[in-house]
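Trainee: I am new to this structure. Please take one part of the chain and walk me through it closely, with its surroundings.

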Amino acid sequence: MRIISGKHKGRNLIAPKKLPVRPTKDMAKESLFNILNNSYYFPDLKVLDLFTGTGNISYEFSSRGVDDVLAVDAHGGCIDFIDKTVSLLDMNIRTLKSDVFSFLQRNTEKFDIIFADPFYDMEFTDFEKLPQLVFENDLLLEDGVLIIEHSNRTSLAELPFYKNSRKYGGSVFSFFEK
């Protein structure tokens, strides 16, 4: 995986093969950050990265100047890898080993951007829970956005607060807003 832009532009990171992850492809990640760059001033953001996996998205936000990133994943190996990388690169990324749904139910912190990259084969009822919990618990700041990455075989267009989607190869980013 490669950091595309910012302070650590071009930096390649190699995650352990044993992690249960599917990092966002560079083309899709670059397109997503081009969209976000047109709407947000990165140094002012507070970002939550759910199902963070290798931390790919968190690193990109941090490299671009975001000083407040929280990365959440249930897998201890993923959290350990992120903690080591954050220490190596001196990034402002906090990590939390937790089930994402439990975290969303108890969290009171608000964010400008919440990015979720669950397993593509996750049950549709669990995809439905993500925007439900984010909006019921009022976890977005004003003008905030929830972005869910998913397979092009899954449509989230009928879910509440859905705004639009962008497709990049086999990946789709669905955007949700108040």
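Mentor: Here is a close look at strand 5, set within the whole chain.

This is a predicted model, in which local features need pLDDT of at least 70, side-chain atom pairs count only at pLDDT 80 or more, and totals for chains, interfaces and linings use all residues. Residues are numbered from 1 along each chain as its sequence is written, and side-chain values use heavy atoms, with hydrogens and water left out.

Start with the whole. The chain has five helices and seven strands. Helices (H or I, at least four residues) and strands (E, at least two) are DSSP runs, numbered from the N terminus. Along the sequence their order is α-β-α-β-α-β-α-β-α-β-β-β. The radius of gyration, taken over C-alpha atoms, is 15 Å, close to the 16 Å of the globule rule for 178 residues, so the chain is as compact as a globular protein of that length. That rule is 2.2 Å times the number of residues to the power 0.38. Along the principal axes, the C-alpha atoms fill a box of roughly 40 × 35 × 35 Å.

Next, burial. Of the 178 residues, 52% are buried. Buried means under 20% relative accessible area, exposed means over 50%, and partly exposed lies in between (1.4 Å probe, protein chains only). Contacts (heavy atoms within 4.5 Å) tell of the fold too. Among those between residues at least 6 apart in sequence, 65% join residues at least 24 apart.

Now the strand itself. Strand 5 spans residues 140-151. Nine of its 12 residues are buried, so the strand is largely enclosed by the rest of the structure. Its partner is strand 4, residues 111-116. The two run parallel and are joined by five bridges. Two strands pair if DSSP finds at least two bridges between them. One pair to look for is F115 with its bridge partner in strand 5, I147.

Then follow the chain onward. The loop between strand 5 and strand 6 (162-168) holds F161. F161 is not a glycine, yet its phi is positive, at about 70 degrees. F161 is partly exposed, with a relative accessible area of 39%.

Finally, look at F51. This residue lies in the loop between strand 1 (46-50) and helix 2 (56-63). F51 also has a positive phi, about 55 degrees, although it is not a glycine. At 16% relative accessibility, F51 counts as buried.
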